[in-house]
Amino acid sequence: GWRDAFVVTGAAGVLWLIAWWFLYYTPSEVYASQAPTRRPMREIFQTRSCWTLCLARFLTDPVIYFVIFWLPEYLGKERGFSLQMIGQWAWVPFLFGDVGYLTGGWLSGKLMDRGWSLGRARRGVMYAGAAVMPAAIFAPLAPSYELALGAICVMALGHAMWVSNVQSIPADTFAPHEVATASGLTGMGGAFGGMLANLGTGWVVQNYGYSPVFFVAGLMHPLAAWTLSRWLGRRHLA
């Protein structure tokens with residue numbers, strides 16, 4: 001039943017928290033000896049790097065939220081899946097996401113080993129991920145659920161390649177003692193985008209179906225890639 005599903009997943013989180021408590025440590029001794037001057041949060045947010053990344057994540061984080069929260073509903077309503085079939089198939093896009101996360105991080109490092117600058121390697125992998133995202137547009141048009149799931153898998157793969165690098169940019173562009181603040185602010189942009197998109201998705205689906213949602217989802221990453229290229233670019237991410 002549903003109650004057991006929540007208990008098991010919640011218990012897994014508690015077990016991970018216990019492991020984190022014993023295994024994780026903070027390098028506070030290093031920064032304590034340096035005693036860096038901290039800029040106010042507002043000043044960090046006003047930097048071009050921070051607000052551009054906030055906007056990029058505002059546009060792109062809702063796409064994976066859509067896959068996480070709406071994929072079972074889409075498969076059930078539009079593709080006629082039973083609850084058992086959803087359990088059998090809905091995990092597949094997330095496996096492709098796992099591949100994308102690993103590939104995105106590995107590939108940017110490999111490009112740097114070959115002489116690419118850090119910024120160029122990050123942008124190259126992010127833009128490659130963004131380039132495949134329009135595959136999402138074809139998911140509701142596919143004649144079979146296999147092809148629809150294939151398009152969603154490409155979606156998850158492209159987003160994972162994108163986000164595995166975009167979440168690393170604060171560490172590339174901010175001082176060590178500002179990285180956590182900048183990461184939190186950019187994550188806030190993604191959370192606000194996800195919140196607003198989730199509110200809008202229900203209304204759009206109820207009135208117009210899933211096609212407009214998939215269409216918009218397929219264009220968000222290319223738009224965010226253009227935004228980063230236009231406002232961040234090589235000057236701020238060399």
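Which residue does the side chain of Ser 108 join in a polar contact? Hold that thought for a moment. First, a caution: this is a predicted model.

Now the reply. Ser 108 and Asn 165 meet through their side chains, in a polar contact of 3.2 Å. Where is Ser 108? It sits in helix α6. Is Ser 108 buried or exposed? Its relative accessible area is 2%, and the cut-off for buried is under 20%, so Ser 108 is buried. Now set aside the neighbours within four places in sequence. Ser 108 then touches Ala 121, Arg 122, Val 125 and Asn 165.

Let's look at the helices around that spot. Helix α6 covers residues 92–113, and helix α7 covers residues 118–132. They pack at an angle of about 140°, and their axes are 9 Å apart. What do we call that arrangement? Roughly antiparallel needs an angle over 145 degrees. At about 140°, α6 and α7 are therefore oblique to each other. Their crossing is right-handed. Who makes the contact? From α6 come Gly 104, Leu 107, Ser 108, Leu 111 and Met 112. From α7 come Leu 118, Ala 121, Arg 122 and Val 125. So Ser 108 is one of the residues in this contact. Sort them by class, and you get six nonpolar, two polar and one charged.

Next, the other partner of α7. Helix α11 runs over residues 211–231. α7 and α11 pack at an angle of about 150°, with axes 8 Å apart. That angle makes α7 roughly antiparallel to α11. On the α7 side, the contact uses Met 126, Tyr 127 and Ala 130. On the α11 side, it uses His 221, Pro 222, Ala 225, Leu 228 and Ser 229. By class, this contact has six nonpolar residues, two polar ones and no charged ones.

α11 has another contact to show you, with helix α4, residues 48–78. What is the angle between α4 and α11? About 165°, with the axes 10 Å apart. These two helices are therefore roughly antiparallel. α4 passes α11 in a left-handed crossing. The list of contact residues is long to read aloud, so look at a few on screen. From α4 they include Trp 51, Leu 55, Leu 59, Val 63 and Phe 66. From α11 they include Phe 214, Ala 217, Met 220, His 221 and Leu 228. How do the contact residues divide by class? There are 16 nonpolar, four polar and one charged. Note His 221 and Leu 228. Both appear in the contact with α7, and both appear in the contact with α4.

Two single residues before I stop. Start with Trp 91. Find it in the loop between α5 (83–89) and α6. Its relative accessible area is 47%, so Trp 91 counts as partly exposed. The side chain of Trp 91 reaches the backbone oxygen of Gln 88 at 2.7 Å. Now compare Trp 91 with Ala 139. They are 48 residues apart in sequence, and their C-alpha atoms are 16 Å apart in space.

Last one: Ala 180. It lies in helix α10, residues 179–208. Is Ala 180 buried or exposed? With a relative accessible area of 62%, Ala 180 is exposed. Pro 170 is 10 residues away from Ala 180 along the chain. Their C-alpha atoms are separated by 8.2 Å.

How values were computed:
Residues numbered from 1 in each chain as written. Predicted model: local features only at pLDDT ≥ 70, side-chain atom pairs only at ≥ 80, totals over all residues. Heavy atoms only, no water. Axes fitted to C-alpha atoms, helices over the stretch in contact; angles between N-to-C directions. Helix = DSSP H or I, 4+ residues; strand = E, 2+ residues; numbered from the N terminus. Parallel < 35°, antiparallel > 145°, perpendicular 65-115°, else oblique. Left-handed = near helix turned anticlockwise from the far one by under 90°. Contact = heavy atoms within 4.5 Å. Nonpolar A, V, L, I, M, F, W, Y, C, P; charged D, E, K, R; others polar. Buried < 20%, exposed > 50% of the residue type's maximum accessible area, 1.4 Å probe, protein only. Polar contact = N/O pair within 3.5 Å; in protein donor to acceptor, adjacent residues only side chain to side chain.
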